[in-house]
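Open the model in your viewer and keep the selection box handy. We'll walk through it one stop at a time.

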Amino acid sequence: MRILLKLVLDCTPDAAWDAVRSPRGMQQVSAPFSTFESLEPAGFPVSWSAGDHPVKISSFGLVPVGDQVIGISYPERDDDVRVQVDNGRGLSGPLALVTKWQHSIAIAPAVGGRTLYRDQLVFEAGSLTPLLWLGYWAFWQWRGARIRSLAPTWKSRTS
């Protein structure tokens, strides 16, 4: 199943890109529904590097949901679109029921120095897919609202 968001954000593409690449940004747009704890020895990096990043996920910081690997890659492109892909996987709990996970975020310039933000989740979980789709869809709507509200506060690390 697939869930899509397409937003025009009130921030520069550089600022949006820095937020997308930041574990702190992920935490800000996911709270309070999902909270993340790094399982890496040094904790969360300042910015996601390509590779696997194990996390523990809780709902509302209280109910354990399970462990997951956030599997980051940055596909090369020949245009001005920047893409981050998470092909992670659930390791335990309900997260382990998901057999396919591909979360892609694309950042591109929009009119007036703003940002076109496209966010797509493609996942499969066998017969549970339609039920999980409802939960993920609701969560993605929350994330979209949080992203819109936070974007004007995002600043590029280079500015």
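How do the residues lining the largest pocket divide into nonpolar, polar and charged? The lining has 25 nonpolar residues, nine polar ones and two charged ones. Before you zoom in, keep in mind that this is a predicted model.

**Stop 1: the largest pocket**

This pocket holds about 800 Å³ of space. Select Ser34, Phe36, Trp101, Phe139 and Trp140: of the 36 lining residues, these are the closest to the centre of the pocket. Now colour by element. Two or more lining residues come from each of α1, α2, β2, β3 (51–59), β4, β5 (82–86), β7 (100–109) and α3. Which of them gives the most to the lining? That's α3, with nine residues.

**Stop 2: helix α2**

Next, pick residues 23–30, which make up α2. Show side chains for Pro23, Gly25, Met26, Val29 and Ser30, the buried residues of this helix. Turn the view until you look down the axis of α2: its buried residues fall within an arc of 160°, so they line one face of the helix. What covers them? Bring up α1 (13–20), β2 (34–38), β4 (63–73) and α3 (129–150), which are among the elements doing the covering.

While you're here, look at the N-terminal end of α2, which is capped by Ser22. Draw a distance from a side-chain oxygen of Ser22 to the backbone nitrogen of Arg24, and you should get 3.1 Å.

**Stop 3: helix α1**

Slide over to α1. Is this helix mostly covered or mostly open? It is mostly covered, with seven of its eight residues buried. To see the buried ones, select Pro13, Ala15, Ala16, Trp17, Asp18, Ala19 and Val20. Then show α2, β5, β7 and β8, since the buried residues of α1 pack against these elements.

**Stop 4: the second largest pocket**

Both helices turn up again here: α1 and α2 each supply at least two residues of the lining of the second largest pocket. The space in it comes to about 160 Å³. For the lining, select Ala15, Asp18, Ala19, Ser22, Arg24, Gly25, Gln28, Val46, Thr153, Trp154, Lys155 and Arg157. You'll spot Ser22, the cap of α2, in that set. By type, the lining divides into four nonpolar, four polar and four charged residues.

**Stop 5: Asp119**

Now centre on Asp119, in strand β8 (residues 115–124). Buried or exposed? Asp119 counts as buried because its relative accessibility is 1%, and the cut-off for buried is under 20%. Which side chains does its own side chain meet in polar contacts? One is that of His103, at 2.7 Å, and another is that of Arg143, at 2.8 Å. Leaving out residues up to four places away in sequence, Asp119 touches Ile3, Leu4, Leu5, His103, Ser104, Ile105, Trp140 and Arg143. Trp140 should look familiar from the list of residues closest to the centre of the largest pocket.

**Stop 6: Ile3**

From Asp119, hop across to Ile3, one of the residues it touches. Ile3 sits in strand β1 (residues 2–9) and, at 2% relative accessibility, counts as buried. Beyond four places away in sequence, the residues in contact with Ile3 are Asp119, Gln120, Leu121, Phe123, Trp133, Tyr136, Trp137 and Trp140. For a last distance, join the C-alpha atoms of Ile3 and Gly66: they are 22 Å apart in space, with the two positions 63 residues apart in sequence numbering.

Technical notes:
Residues are numbered from 1 along each chain as its sequence is written. This is a predicted model: local features need pLDDT of at least 70, side-chain atom pairs count only at pLDDT 80 or more; totals for chains, interfaces and linings use all residues. Side-chain values use heavy atoms; hydrogens and water are left out. Helices (H or I, at least four residues) and strands (E, at least two) are DSSP runs, numbered from the N terminus. Buried means under 20% relative accessible area, exposed over 50%, partly exposed in between (1.4 Å probe, protein chains only). A polar contact is a pair of N or O atoms within 3.5 Å; within protein, one must be able to donate a hydrogen and the other to accept it, and residues adjacent in sequence count only if both atoms are side-chain atoms. Contact means heavy atoms within 4.5 Å. The arc is that of the directions from the helix axis to the C-beta atoms. On a 1 Å grid over the protein atoms alone, a cavity is a set of points where a 1.4 Å probe fits but cannot get out, and a pocket is an open set with protein on both sides within 12 Å along at least five of seven lines; lining residues have an atom within 4 Å of a point. Grid points are joined across faces, edges and corners, and a volume is the space filled by probe spheres set on the points. Ala, Val, Leu, Ile, Met, Phe, Trp, Tyr, Cys and Pro count as nonpolar, Asp, Glu, Lys and Arg as charged, and the others, Gly among them, as polar.
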